[in-house]
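Please work through the exercises below with the sequence and the three-dimensional model at hand. Each task is followed by a solution in steps.

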Amino acid sequence: MQQDFITIGILGKPHGTSGAFHFKLTSVLLKDTDLPDVLYLKLQEGILPYFVTEWSLRSSYQGTISFEDIESREDGAALVNAELMIKSSDFADYFEEEIDNYLIGFTVIDLKLGTIGKIIEITDNTIQDVA
């Protein structure tokens, strides 16, 4: 069943008290495209559907999102840090590629220390990326 889905982002901490969340996309949302009405969250119980009621982007990859029947911080406590997923068959209708992959191969140079090294992978650490 997992192969039927693609991870497109991660839910962050709650936003306000109404059950909304911060989220971060790891794929590029197509221009002039909305998120699908249903996103899937990977939880301990498995991959479960959640209906999107409202969402907005603060940047090209971060924003806030609300789901049906999640109306308080307490309702959404178990969803924090869940992977946001979409059906593999729907991916191309909404997204282009993973955002972070373009960093692989670049060399990190510190102004004081000099060359630090080459980026070989991106590790996803909850809401922060580490190269």
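The exercises proceed from the overall architecture to the core, the aromatic pairs and selected single residues.

**Exercise 1. Overall architecture**

Determine how many helices and strands the protein chain contains, and in what order the elements run.

*Solution.* The model is a predicted one. Its protein chain has 2 helices and 12 strands. Read from the N terminus, the order of elements is β-β-β-β-β-β-α-β-α-β-β-β-β-β. The chain comprises 131 residues, and 34% of them count as buried. Its accessible surface amounts to about 8300 Å², with 49% belonging to carbon and sulfur atoms. As for contacts between residues at least 6 apart in sequence, 59% join residues at least 24 apart.

**Exercise 2. The nonpolar core**

Identify the residues with the most contacts inside the largest nonpolar core, and the strands that each supply at least two of its residues.

*Solution.* The largest nonpolar core consists of 21 residues, and Leu11, Leu41, Ile65 and Phe67 have the most contacts inside it. At least two residues of this core come from each of β1 (5–15), β2, β4 (38–43), β5, β6 and β7 (83–87). Leu41 serves as an example: with neighbours within four places in sequence left aside, its contacts include Leu11, Tyr50, Phe67, Leu79 and Leu84.

**Exercise 3. Aromatic pairs**

Classify the pairs Phe21–Phe67 and Tyr50–Phe67 by ring geometry, and state which parts of the chain each pair ties together.

*Solution.* A search of the whole structure yields 3 aromatic pairs. For Phe21 and Phe67, the ring centres are 6.4 Å apart and the planes stand at 55°, so this pair is tilted. Phe21 belongs to strand β2 (residues 20–25) and Phe67 to strand β6; the pair therefore ties together parts 46 residues apart in sequence. Phe21 counts as buried at 1% relative accessibility, and Phe67 is buried with a relative accessible area of 2%.

For Tyr50 and Phe67, the ring centres are 5.7 Å apart and the planes stand at 65°; since planes over 60 degrees apart count as edge-to-face, that is the class of this pair. Tyr50 lies in strand β5 (residues 46–57) and Phe67 in strand β6, so the pair ties together parts 17 residues apart in sequence. Both Tyr50 and Phe67 are buried. Phe21, Tyr50 and Phe67 together form one aromatic cluster.

**Exercise 4. Buried, partly exposed or exposed?**

Assign Thr64, Val108 and Ala92 to an accessibility class, and describe the surroundings of each residue.

*Solution.* The cut-offs required are under 20% relative accessible area for buried and over 50% for exposed, with partly exposed in between.

1. Thr64 is placed in strand β6 (residues 62–67). Its relative accessibility is 15%, so Thr64 counts as buried. Beyond neighbours within four places in sequence, the residues in contact with Thr64 include His15, His22, Trp55 and Arg58.
2. Val108 is found in strand β9 (residues 107–110). Its relative accessible area is 37%, so Val108 is partly exposed. Together with Leu113 and Ile116, Val108 makes a nonpolar surface patch of about 310 Å².
3. Ala92 is located in helix α2 (residues 91–94). With a relative accessible area of 60%, Ala92 is exposed. Ala92 and Leu29 are 63 residues apart in sequence, and their C-alpha to C-alpha distance is 9.7 Å.

Conventions
Residues are numbered from 1 along each chain as its sequence is written. This is a predicted model: local features need pLDDT of at least 70, side-chain atom pairs count only at pLDDT 80 or more; totals for chains, interfaces and linings use all residues. Side-chain values use heavy atoms; hydrogens and water are left out. Helices (H or I, at least four residues) and strands (E, at least two) are DSSP runs, numbered from the N terminus. Buried means under 20% relative accessible area, exposed over 50%, partly exposed in between (1.4 Å probe, protein chains only). Contact means heavy atoms within 4.5 Å. Patches are made of residues with over 30% relative accessible area and no salt bridge: like charges are joined within 9 Å, nonpolar side chains (Val, Leu, Ile, Met, Phe, Trp, Tyr) within 5 Å. Accessible areas come from the Shrake-Rupley method with a 1.4 Å probe; for residues, only the protein chains shown count as cover. A salt bridge is a side-chain nitrogen of Lys or Arg within 4 Å of a carboxyl oxygen of Asp or Glu. Rings of Phe, Tyr and Trp (its six-membered ring) pair if their centres lie within 6.5 Å; planes under 30 degrees apart count as stacked, over 60 as edge-to-face and the rest as tilted. A nonpolar core is a set of buried Ala, Val, Leu, Ile, Met, Phe, Trp, Tyr and Cys residues joined through side-chain atoms within 4.5 Å.
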